[in-house]
Amino acid sequence: MEKLAILGGAPVRETPISYGRQYIDEADIQAVVETLKSPWLTCGPKIEELEKKLCEITGAKYAVAVSNGTAALHLAAMVAGIGEGDEVIVSPITFAASANCVRYCGGTPVFADIKDDTYNIDPACIRKLVTERTKAVVAVDFTGQAVELDEIRAICQERQLMLIEDAAHAIGTKYQGQPVGSIADMTCFSFHPVKTVTGGEGGAITTNDEALYRKLHLLRAHGITRDMEEMVHPTDAPWYNEQVMLGYNYRMTDFQAALLLSQLDKLPMFTARRKEIVDMYDEAFREVPEIQVQREIPESDTTRHLYILRLRTERLKCDRRQFFDALGAENIRSQVHYLPVYWHSYYEKLGYEKGLCPNAEAYYESSMSLPLYYSLTDEEVADVIRAVKKLIAYYKK
Ligand SMILES: *Cc1c(COP(=O)(O)O)cnc(C)c1O
């Protein structure tokens with residue numbers, strides 16, 4: 001209550017809005033219900049249908065649907081051949097799973113700094129960190145904006161590194177007109193409810209490489225195959241299946257796939273609305289000297305997952321924490337994406353130290369995410385803008 005007193009008066013909004021939420025319509029519900037009434041709850045036709053649709057949307061040759069985005073990253077890291085002693089270059093401003101997938105395989109994440117204006121991994125920093133031990137790069141399309149794929153691909157080709165694109169934020173985004181999902185060696189998606197389209201939980205890996213696809217497909221379901229060509233001891237016995245690798249149960253259910261298929265029908269609509277909201281925020285904040293607006297590279301046609309409010313804290317009498325709390329008191333519930341991954345105590349214990357990526361750390365200290373989702377109304381966007389401007393007016397030096 002003290003927070004309200006600081007700024008005085010009633011909050012800008014009476015009811016709180018959060019930074020993200022899913023949009024489920026009647027068609028989504030019907031799609032799930034139909035699948036629940038079908039013979040197939042898992043391992044059924046909806047999975048292949050979803051994979052086909054993901055190929056259409058991304059332009060990739062192959063897609064493998066999995067239980068969540070973290071499973072997608074884990075399988076991609078395995079198939080990239082990451083093991084003990086291998087280094088993988090990762091962005092520090094991301095959800096921990098982008099680096100954890102390297103740890104699952106016994107490898108060492110090496111954090112490359114971000115650019116101060118796009119907040120995406122800096123190709124020049126990647127280049128400096130490549131060693132004899134580097135096996136792969138995990139590049140994160142942070143907020144949905146595509147990373148600088150031309151530059152990063154050139155480094156990967158030159159040094160024979162596998163490029164894994166973490167596109168958990170970026171379904172629908174295009175790079176130089178080409179959809180994300182068909183550009184890197186493997187691209188990983190997440191369909192968690194806060195992402196642009198959801199299956200409740202869910203994930204996928206897309207690739208153009210048949211050998212990678214076959215391994216991903218095997219590892220999703222225990223490493224067990226019914227394909228005689230993949231067997232060491234082939235037989236046509238109808239009951240026979242053979243485990244040829246150590247895989248997992250990372251399957252998605254058919255009712256999740258049905259929900260996702262229905263959600264993907266709305267992707268163009270979701271993209272268009274998200275762009276409108278981003279434009280409204282950008283226009284409102286571009287002229288505010290206390291706010292830094294995220295720079296978009298011209299190559300990226302972005303379906304934005306997150307809208308970052310970055311404060312120029314040197315021009316303000318408050319820090320990010322005070323601004324965040326005051327915004328909350330106005331009933332705008334923001335979130336911070338993300339703590340630099342190596343600041344987590346798990347990574348600290350592994351020996352990573354603060355100061356590693358100065359741009360990432362400065363970004364973290366000054367940023368928060370504003371509400372951005374399909375069903376956010378123009379009035380709500382206007383409220384968010386009013387609240388932010390009210391706080392800026394109060395706190396500016
Ligand atoms: C959400 C997310 C993931 C993990 O996806 P889950 O489906 O929650 O496992 C990985 N990377 C990034 C950048 C994400 O935002």
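## Exercises on a predicted two-domain model

Isoleucine 24 is partly exposed, because its relative accessible area is 39%. The exercises below concern a predicted model, and they move from this residue to others and then to the whole chain.

### Exercise 1: the surroundings of isoleucine 24

Determine where isoleucine 24 is found and which residues it is in contact with, leaving aside its neighbours within four places in sequence.

Solution. Begin with the backbone: isoleucine 24 is found in the loop between β1 (17-18) and α2 (26-37). Next consider its accessibility; buried means under 20% and exposed over 50%, and the 39% of isoleucine 24 therefore makes it partly exposed. Then list the contacts, which, with neighbours within four places in sequence left aside, are Ile29, Thr198, Leu259 and Gln263. Finally, compare sequence with space: isoleucine 24 and valine 197 are 173 residues apart along the chain, while their C-alpha atoms are separated by 9.6 Å.

### Exercise 2: two residues of helix α4

For histidine 74 and leucine 75, state whether each is buried or exposed, and identify which residues each is in contact with beyond four places in sequence.

Solution. Histidine 74 has its place in helix α4 (residues 69-79), and leucine 75 lies in helix α4 as well. Histidine 74 counts as buried because its relative accessibility is 4%, and leucine 75 is buried with a relative accessible area of 0%.

The contacts can then be set out residue by residue, leaving aside neighbours within four places in sequence:

- Histidine 74 is in contact with Cys101, Tyr104, Cys105, Tyr248 and Tyr250.
- Leucine 75 is in contact with Val66, Ile205, Leu216, Leu219, Arg220, Tyr248 and Tyr250.

Tyr248 and Tyr250 appear in both lists. As a last step, take the C-alpha separations: histidine 74 and valine 102, 28 residues apart along the chain, are separated by 7.4 Å, whereas leucine 75 and isoleucine 205, 130 residues apart along the chain, are separated by 8.5 Å.

### Exercise 3: a histidine in a loop

Establish where histidine 233 is placed and whether it is buried or exposed.

Solution. The place of histidine 233 is in the loop between β11 and β12 (242-243). Its relative accessible area is 55%, and histidine 233 is therefore exposed. Not counting residues up to four places away in sequence, histidine 233 touches Tyr240 and Glu242. The C-alpha atoms of histidine 233 and valine 244 are 9.9 Å apart in space, with their positions 11 residues apart in sequence.

### Exercise 4: backbone geometry

Describe the phi angles of tyrosine 119 and histidine 222, and the peptide bond from histidine 337 to tyrosine 338.

Solution. The background to this exercise is that most residues other than glycine have a negative phi, and most peptide bonds are trans. Tyrosine 119, although not a glycine, has a positive phi of about 70°, and it is found in the loop between β4 (108-111) and α6 (123-129). Histidine 222 also has a positive phi, near 70°, and its place is in the loop between α8 (210-220) and β11 (224-225). Their accessibilities are then compared with the cut-offs: tyrosine 119 counts as buried because its relative accessibility is 0%, whereas histidine 222 is partly exposed with 32%. The peptide bond from histidine 337 to tyrosine 338 is cis, with omega near 0°, and tyrosine 338 is found in the loop between β16 (332-333) and α12 (345-349).

### Exercise 5: the chain as a whole

Find how many helices and strands the protein chain has, how the chain is divided into domains, and what its radius of gyration is.

Solution. The secondary structure comes to 14 helices and 17 strands. The chain is divided into domain 1 (4-18 + 267-395) and domain 2 (26-265), with 37 residues from domain 1 and 41 residues from domain 2 taking part in the contact. The centres of the two domains, taken over C-alpha atoms, are separated by 28 Å. The radius of gyration of the protein chain is 22 Å, which agrees with the value near 21 Å for a compact globule because the chain has 397 residues. Along the principal axes, the C-alpha atoms fill a box of roughly 75 × 55 × 40 Å. Buried residues make up 56% of the 397 residues. Among contacts between residues at least 6 apart in sequence, 73% join residues at least 24 apart.

Note on methods. Residues are numbered from 1 along each chain as its sequence is written. This is a predicted model: local features need pLDDT of at least 70, side-chain atom pairs count only at pLDDT 80 or more; totals for chains, interfaces and linings use all residues. Side-chain values use heavy atoms; hydrogens and water are left out. Helices (H or I, at least four residues) and strands (E, at least two) are DSSP runs, numbered from the N terminus. The radius of gyration is taken over C-alpha atoms; the globule rule is 2.2 Å times the number of residues to the power 0.38. Buried means under 20% relative accessible area, exposed over 50%, partly exposed in between (1.4 Å probe, protein chains only). Contact means heavy atoms within 4.5 Å. Domain bounds come from an automatic or database domain assignment.
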